[in-house]
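Visitor: I would like to learn how to read the empty spaces and the bends in a protein model. Could you take me through them step by step?

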Amino acid sequence: MQNTRKLAISFSETKYFTGKACPKGHVEARRTKTGECLGCKKEALVQWRAKNPEKVKLHNEQQHKNHAEKLAEKGRIYYHSNKDSLRPGTIARARKRQANKINRTPKWLTKIDFERMQNEYKLASILTKLTGTQWHVDHIIPLQGKLVSGLHVPYNIQVISAAENASKSNKYEVI
């Protein structure tokens, strides 16, 4: 059943859906107050964020600062309500991995090296969003390998699918 704007207003709804495409071709809900297509709104927001990265970063930092205690409390509540179902040692393993990554990052890396590595993580994120499947940044020579351990450097990382990464595990595969 399709809601009309008047009906949505009478029920004090914030959105309504007509099933018809907007002039840009989006078939999405619209704002009751303005009749604006939410697809167009999302598109405009993505474009604005791309043009104003410094404002976005500042906004995100401010939001985190303003809501840090609330986020921490949510985390504590989640942990206490789910601690039985959380795999034992998950947090310890994650922290060990973080420490190994830091310890395996050489002091001689340049700013450009760090930017190259950051770009690999961004690429993995973009591929995940575009394909709908998980992509990971993998260390070609693992940081915690049984026989050999690599460094956290630009030429030791690659973007691969999560499935490939899981099958590779913590092994160094010579081709």
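Visitor: How much space lies in the second largest pocket?

Guide: Let us start with the general idea: rolling a probe the size of a water molecule over the atoms shows where empty space is left. In this model, which is predicted, the second largest pocket holds about 160 Å³ of space.

Visitor: Which residues line the second largest pocket?

Guide: Its lining is made up of Pro142, Gly145, Lys146, Leu147 and Val148, together with Ser169, Asn170, Lys171 and Tyr172. Sorted by class, the lining of this pocket has 4 nonpolar, 3 polar and 2 charged residues.

Visitor: What volume does the largest pocket have?

Guide: The largest pocket has a volume of about 410 Å³. It is lined by 16 residues, of which Arg97, Val137, His139, Asn165 and Asn170 are the closest to its centre. Two or more lining residues come from each of the elements α4 (90-103), β3 (135-139) and α6 (162-168), and β3 gives the most, with 5 residues. By class, the lining of the largest pocket divides into 5 nonpolar, 6 polar and 5 charged residues.

Visitor: Now for the bends: where is the kink in α3 centred?

Guide: One can begin by comparing the span of a helix with that of a straight one. A straight helix of 30 residues would span 44 Å at 1.5 Å a residue, whereas α3, which runs over residues 53-82, spans only 36 Å between its end C-alpha atoms. Looking along α3, you will find a kink of about 65°, and this kink is centred on His67.

How values were computed:
Residues numbered from 1 in each chain as written. Predicted model: local features only at pLDDT ≥ 70, side-chain atom pairs only at ≥ 80, totals over all residues. Heavy atoms only, no water. 1 Å grid on protein atoms, 1.4 Å probe; cavity = no way out; pocket = protein on both sides within 12 Å on 5 of 7 lines; lining within 4 Å. Points joined across faces, edges and corners; volume = space filled by probe spheres on them. Helix = DSSP H or I, 4+ residues; strand = E, 2+ residues; numbered from the N terminus. Nonpolar A, V, L, I, M, F, W, Y, C, P; charged D, E, K, R; others polar. Expected span 1.5 Å × (residues − 1). Bend = angle between axes of the 7 residues up to and from the residue.
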